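Hi there,

Here is the structure I promised to pass along. Have a look at it first, and then read on for what turned up.

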Amino acid sequence: MMQTSEGAARPQRVAVLGSTGSIGVSTLDVIARHPERFEVFGLSAHRRIDDLAAQCLAVKPRVAAVPDQEARDALRRRLVGTPAARTEIVVGSAGLCQLAAAPEVDSVMAAIVGAAGLAPCLAAADAGKRLLLANKEALVVGGALFMASVRRGGAALVPIDSEHSAIFQCLPEDPSRWPAFIDHIVLTASGGPFRTIGLEAFDAITPAQAVAHPNWVMGRKISVDSATMMNKALEVIEAHWLFGLAPDDIRVVIHPQSIIHSMVVCRDASVLAQLGTPDMRVPIAYGLAFPHRIDSGAARLDFTKLASLSFEPPDPRRFPGLQLAYDVLAGPAGSSVVLNAANEVAVAAFLDGQVGFRQIHAINVETLARLGGRHTKIDSLEDLLGLDASARREAAAVAHRYRPC
C-alpha cells in the first residue's frame with residue numbers, strides 16, 4: 001500500500017513492461033491476488049497484441065505501450081466499444097519511457113527482454129521509481145551508467161531474477177551493511193537440459209531440445225541461455241553491479257533440483273540460502289511487497305518429498321560461456337555490452353536454424369575478439385546503444401560465415 005498526500009492508504013500503482021511474457025503474466029497473476037494492495041497503471045507488449053488486448057480488457061490500465069503505429073491501430077480496434085476503450089496507447093521507445101516515468105506510477109516491473117528494455121529502465125531509475133528488475137540488460141549493458149541513474153533518481157532497485165532475489169532476501173535491508181556482511185555469494189544453476197548428455201552429442205542439439213528446460217517455464221531465448229549457461233554468465237555480471245562485489249566473490253555451482261535459488265556466505269562462515277519451489281511468482285511477490293511478504297500463489301515446498309539436494313561444479317567443456325562473464329568484467333569498458341549483443345544475435349541465429357548449438361559460444365568469442373580494445377568511455381545511453389549496434393553487426397557478420405554442423 002502507498003500513502004496519499006493526505007495520509008490515506010491507496011493501492012500501489014504498477015507499470016508492467018513486457019506484460020505478455022512469462023514474467024509479466026506471472027506479475028499480473030500476483031497482482032490479481034491482492035487487488036487491495038496493487039493497481040495496474042500500465043502495460044506494454046511488443047508482438048503479442050492479441051494477448052495485450054486481453055490483458056487490457058481484464059485490468060483496464062490507464063496506459064498501454066506498443067512498438068509502432070500499426071500495433072497501436074491493431075490494439076485500438078480490439079478495444080473499441082469495450083470498457084478498456086479509454087486506455088491511452090503510446091508508441092515506441094518514447095512511449096515506454098513515458099509510461100515508466102509517469103508521475104502516477106509507484107513501481108515498474110521491468111520485464112522486457114533484450115536491450116530494448118534499457119531506455120525505460122533508465123527512465124524509471126531517473127524518475128525515482130521502485131524498479132523491479134527482471135531485465136538483465138539494464139545491468140549487463142547499462143552497468144555503471146544505470147547504477148548512476150539509480151543513485152541520481154533515488155530509485156529503489158529490487159532484483160526479480162530468482163538468483164538475485166534469493167541473494168537480496170538473505171541480506172540486511174540496509175545496503176550499507178552488505179560489505180561487512182558478505183564473504184562471497186554463490187549463484188545456483190540448474191545445468192539446463194544438457195547437463196548430463198555426452199559432449200559428442202552437442203553438435204546435433206536442436207532448438208526444440210534447447211528450449212525444453214527441465215525445471216522452469218521460460219521464453220525461448222532465455223531457455224537457450226540456460227542451456228549454454230550464458231544466463232549464469234550474465235547473472236554474474238548483474239550481481240557485480242547489484243551487490244557491489246568483486247568478480248572473485250561471485251561463484252557459481254550447479255544445483256539440478258532448483259530448490260536453493262542462491263546463497264550468501266557470510267564473514268563468519270555461516271551460509272544463508274533462500275529455498276522454494278521453482279516459481280517466479282515468489283520473487284515477484286517479494287519485489288512488489290518488499291520489505292513485506294504476501295501470498296504469491298506458488299506451491300509450498302514439501303521437505304518430506306525431497307529426495308536429495310545435490311551440487312556440482314560447472315564443467316568448462318560443457319559450459320564455456322560462463323568464463324566470459326569474468327573475462328568481460330576484467331576487460332575494457334563496454335565489453336559486457338558486446339557480449340550481450342553478440343549472444344542475442346547468436347541465439348537468434350541458432351533458433352532460426354542458421355547456426356549450430358556450439359557455434360553460439362564461438363560467435364560470442366569471435367565478436368569479443370574483433371571488438372576488443374576498441375571501446376571508449378561510455379557516458380550516455382547513445383554511447384551504449386551505439387556500441388550495442390556495432391556489436392550486433394559484427395556478430396551477424398560472424399554468424400553468416402557459420403553453417404549448422
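Which residue follows helix 7, and what is the sign of its phi? The residue is Gly154, and its phi is positive, near 70°. Before going further, please keep in mind that this is a predicted model.

**Helix 7**

Since we are at helix 7 already, let's stay there. This helix spans residues 143-153, and its buried residues are Gly143, Phe146, Met147, Ser149 and Val150. Viewed down the helix axis, these buried residues fall within an arc of 150°, so they line one face of helix 7. Arg151 and Arg152, on the other side of helix 7, are exposed. What lies over the buried residues? The cover includes helix 5 (118-126), strand 8 (130-133), helix 6 (137-140), strand 9 (156-159) and helix 12 (230-243).

**The four-stranded sheet**

Helix 12 comes up again with the next element. There is an open sheet of four strands, in the order 11-10-12-13, and its pairing is mixed. Strand 11 (250-254) and strand 13 (271-275) are the edge strands, each pairing on one side only. On average, neighbouring strands in this sheet are turned by 20° against each other, direction ignored. Helix 12 packs on the sheet, where it touches strand 10 and strand 11, and the direction of helix 12 makes about 150° with that of strand 10.

If you want to trace one pairing on screen, try strand 12 (residues 260-266) and strand 13: they run antiparallel and are joined by five bridges. In this part of the sheet, Ile260 stands opposite Leu275 of strand 13.

**Aromatic pairs**

A search of the whole structure gives nine aromatic pairs. One of them is formed by Phe168 and Phe290, a tilted pair with 5.1 Å from centre to centre and 50° between the planes. Why does this pair tie together parts that are 122 residues apart in sequence? Phe168 sits in helix 8 (residues 162-170), while Phe290 is in the loop between helix 13 (281-289) and helix 14 (322-329), so the pair bridges that separation in sequence. Both rings belong to buried residues: Phe168 has a relative accessibility of 10%, and Phe290 has a relative accessible area of 17%.

Another pair is that of Phe194 and Phe357, which is edge-to-face, with 5.4 Å centre to centre and 80° between the planes. This pair also links distant parts of the chain, 163 residues apart: Phe194 is in the loop between strand 10 (182-189) and helix 10 (207-210), and Phe357 is in helix 16 (residues 357-371). Phe194 is buried at a relative accessible area of 4%, and Phe357 counts as buried too, at 5%.

Phe168 and Phe290 turn up once more in a cluster, where ring pairs link them with Trp178, Phe243 and Tyr286.

**Cysteines**

How many disulfides does the structure hold? The number is zero. For Cys97, the closest cysteine sulfur is that of Cys121, and at 9.4 Å it is too far for a bond; a disulfide would need the two sulfur atoms within 2.5 Å. Cys121 is likewise in no disulfide, its nearest cysteine sulfur being that of Cys97. As for their surroundings, Cys97 is partly exposed, with a relative accessible area of 21%, whereas Cys121 is buried, at 2%.

Happy browsing, and best wishes!

Note on methods: Residues numbered from 1 in each chain as written. Predicted model: local features only at pLDDT ≥ 70, side-chain atom pairs only at ≥ 80, totals over all residues. Heavy atoms only, no water. Phe/Tyr/Trp six-rings, centres within 6.5 Å; stacked < 30°, edge-to-face > 60°. Helix = DSSP H or I, 4+ residues; strand = E, 2+ residues; numbered from the N terminus. Buried < 20%, exposed > 50% of the residue type's maximum accessible area, 1.4 Å probe, protein only. Arc of directions from axis to C-beta. Contact = heavy atoms within 4.5 Å. Pairing = 2+ DSSP bridges. Axes fitted to C-alpha atoms, helices over the stretch in contact; angles between N-to-C directions.
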